[in-house]
Amino acid sequence: MTHSTVEQPVANPLMAGLEGSRDVPPCTLVIFGATGDLTKHKLIGAVYNLAVDGLLPDHFAVVGAGRREKSDEQFAKEMREALDEHSRRQPVDDSVWKRLAQNLHYHQGDYDDKESFAKLRDRLEKIDEEAGTHSNHLFYLATPPSVFPQVAKLLSEAGMISPVSDDSRWTRVVFEKPFGHDLESAQKLDETVHSVLDESQIYRIDHYLGKETVQNIMVFRLGNGFFEPLWNSRYVDNVQITVAESVGVEGRTSYYDQSGVVRDMVQSHILQLLTLLAMEPPSTLSADGVRDEKVKVLRALRPYETDDVRRWTVRGQYDAGWIGGAQVPGYCELDGVEDNSTTPTYVALRAHIDNWRWAGTPFYIRVGKRMTRRLTEVAITFKAPPLALFGHAGVSHTGPNVLGIKIQPDEGIYLAFSAKAPGMKMHLDSVRMDFHYATSFGVSSPEAYERLILDAFSGDATLFARTDEVDLSWRWIDQLLGCWDSDVRVPLARYAAGTEGPAEAAQMLRRDGREWRSL
Ligand SMILES: NC(=O)c1ccc[n+]([C@@H]2O[C@H](COP(=O)([O-])OP(=O)(O)OC[C@H]3O[C@@H](n4cnc5c(N)ncnc54)[C@H](OP(=O)(O)O)[C@@H]3O)[C@@H](O)[C@H]2O)c1
């Protein structure tokens, strides 16, 4: 598939983020939790790759903050090693790195120590002066969520949060996921955060929204005229959202065993995907224009009742099995997991959006760890033609029309449809039209964190969750988990690692006369 680039006019200056061109003002990025995995695997790589692409301002600095003692030099050395291992672009460009490293600092201190925050404030003032970063600060909280409230409070007490009315400088705070453990904790966290920050200064990150293909859902739907008229329950039979992972939860058991797959994946990534797929076209691409429409979908999501969870939900946990020729242990055999843990590592749901557009079209959701392979995909299956004109023909291998949006590991879109197989007989076969990001554009996609950090620098919150989105998503999740807790008749289904999930999930779809797309 070839492509031509079409410059879309920017009708609304607030579209600049989605449109893709923007000016980033001078600023300093302060990462709390800078000694952690996320910084090493993703954040420093995102900053470096933005620098390679010339997207950072000339006046820019990074401060890593953590509890561990280390010098600026030691921190810089560790960040360089992290880049050599994890950056999407290899080898690392020494000249770009040198420029970045000149303004890379480390600040040691506890997250509950007022003194340390006062020292950080003084240090930032000095950096602002030396690097010309204009007192614009993006604080990125890459710490465990338990410390989010105290960091936000101490930033405020140390005078590091500028009022929104101050046009000469800005403060923004990125909160990593998860934002809360349930509705109550999310609301409590929100209250604390709102006591020191305005909503416009709060950036709740969900890195799925930074993925190119996820953003492309909006472009595909709304930048083209051909599918949107069909994008409703009149033409769509069902939508399947699959997030399958072959990895287990090694190394994250203490977090995961408290959370499980629903809190870890469905509350955030899955509901973000679902709202983008199902929302009404916004009238502008401004942050609130898009988020207003996503919120309406969340409001229309039908809450589960006790009877529904037995028919429309399956929760499962993996046992030992084989993946890629290697034997892997079952979930309960992992260090840090109790032998009798009932934490689900798999979930299958039938969800309904009770609005005019989607009434009658089920959204099937399937998320699991230790499955056959890694795959994130949305499949929209269209209804059959009203008359089976070719029903008498020697039909073989035909299936429904399916539009597939591939999110990872391969990024692209495909359309499956019936075609006449060559020959004198009327013989139909199913064929596919494929678009691959990598081959069509010939460049690798930026990582989600690059996009989102750049958006936060530019003050574009479109791809970050707003307070009401978080609130409504937890309401729906709490309802589901509450039904499971109150009904012992919803068993924890078992599946072997390296398979497509529990048999009960396949049965759930079969009862509806449908099947999961094969992984
Ligand atoms: N890793 C990922 O790929 C990923 C993906 C999505 C979301 N996240 C989210 O991003 C955040 C950071 O993830 P991560 O994997 O980098 O976490 P991490 O490695 O466990 O922790 C980050 C840093 O926070 C500090 N820390 C750890 N436990 C602490 C505690 N109890 N109190 C105060 N500070 C503590 C440590 O730094 P010091 O000891 O130097 O203070 C640690 O290096 C989390 O909220 C996580 O849920 C991570």
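Helices (H or I, at least four residues) and strands (E, at least two) are DSSP runs, counted from the N terminus. The model shown in these views is predicted.

**View A. Domain 1 and domain 2 of the protein chain.** Domain 1 covers 14-205, and domain 2 is made of 209-384 + 467-511. Their C-alpha centres are 30 Å apart. Across the boundary, 15 residues of domain 1 are in contact with 12 residues of domain 2. On the side of domain 1 that touches domain 2, the most residues come from helix α7 (residues 183-196), which supplies 4. That side of domain 1 holds 7 nonpolar, 3 polar and 5 charged residues.

**View B. The shell around the ligand.** The ligand is surrounded by 18 residues. Closest to the ligand are G36, L38, G66, R67 and E176. Helix α2 (residues 37-52) provides the largest share of this shell, with 3 residues. By class, the residues around the ligand are 6 nonpolar, 7 polar and 5 charged.

**View C. The largest nonpolar core.** In soluble globular proteins, nonpolar side chains tend to be buried together. Here the largest such core contains 130 residues. The residues with the most contacts inside the core are F32, V47, Y140, L141, V266, I270 and I365. Helix α9 (residues 253-278) is the main contributor to this core, giving 11 residues. Both domains take part: at least three residues of the core come from each of domain 1 (14-205) and domain 2 (209-384 + 467-511).

**View D. The contacts of F32.** F32 is one of the residues with the most contacts inside the largest nonpolar core. With neighbours within four places in sequence left aside, F32 is in contact with A65, Y111, V151 and the residues F139, Y140, L141, A142 and T143. Y140 and L141 are also listed among the residues with the most contacts inside that core.

**View E. Strand β12 (residues 363-368) and its partners.** Of the 6 residues of β12, 6 are buried, so the strand is largely enclosed by the rest of the structure. F363, I365 and V367 point one way from β12, while Y364, R366 and G368 point the other way. The residues on both sides are buried. Strand β7 (residues 236-244) runs parallel to β12 and is joined to it by 6 bridges. Within this pairing, V239 has F363 as its bridge partner. Strand β11 (residues 346-351) pairs with β12 in the antiparallel sense, also over 6 bridges. V347 stands opposite V367 of β12. I365 of this strand is among the residues with the most contacts inside the largest nonpolar core.

**View F. M79 in helix α3 (residues 72-86).** M79 counts as buried because 25 C-beta neighbours lie inside 10 Å, where the cut-off for burial is 20 or more. Apart from residues up to four places away in sequence, M79 touches I44 and L104. G64 is 15 residues away along the chain, and its C-alpha atom is separated from that of M79 by 9.9 Å.

**View G. Cis peptide bonds before P91 and P178.** Most residues other than glycine have a negative phi, and most peptide bonds are trans. The bond from Q90 to P91 is cis, with omega near -5°. P91 is placed in the loop between α3 and α4 (94-102). K177 and P178 are likewise joined by a cis peptide bond, for which omega is about 5°. P178 belongs to the loop between β5 (171-175) and α7.

**View H. Positive phi at S135 and R370.** S135, which is not glycine, has phi near 60°. The loop between α5 (114-131) and β4 (137-141) contains S135. S135 counts as partly exposed because 19 C-beta neighbours lie inside 10 Å. R370, also a residue other than glycine, has phi near 55°. R370 is found in the loop between β12 and β13 (375-382). With 28 other C-beta atoms within 10 Å, R370 is buried.

Note on methods: Residues numbered from 1 in each chain as written. Predicted model: local features only at pLDDT ≥ 70, side-chain atom pairs only at ≥ 80, totals over all residues. Domains from an automatic or database assignment. Contact = placed C-beta atoms within 7 Å. Nonpolar A, V, L, I, M, F, W, Y, C, P; charged D, E, K, R; others polar. Near = placed C-beta within 6 Å. Core = buried A, V, L, I, M, F, W, Y, C linked by C-beta atoms within 7 Å. Buried ≥ 20, exposed ≤ 12 C-beta atoms within 10 Å, placed from the backbone. Pairing = 2+ DSSP bridges.
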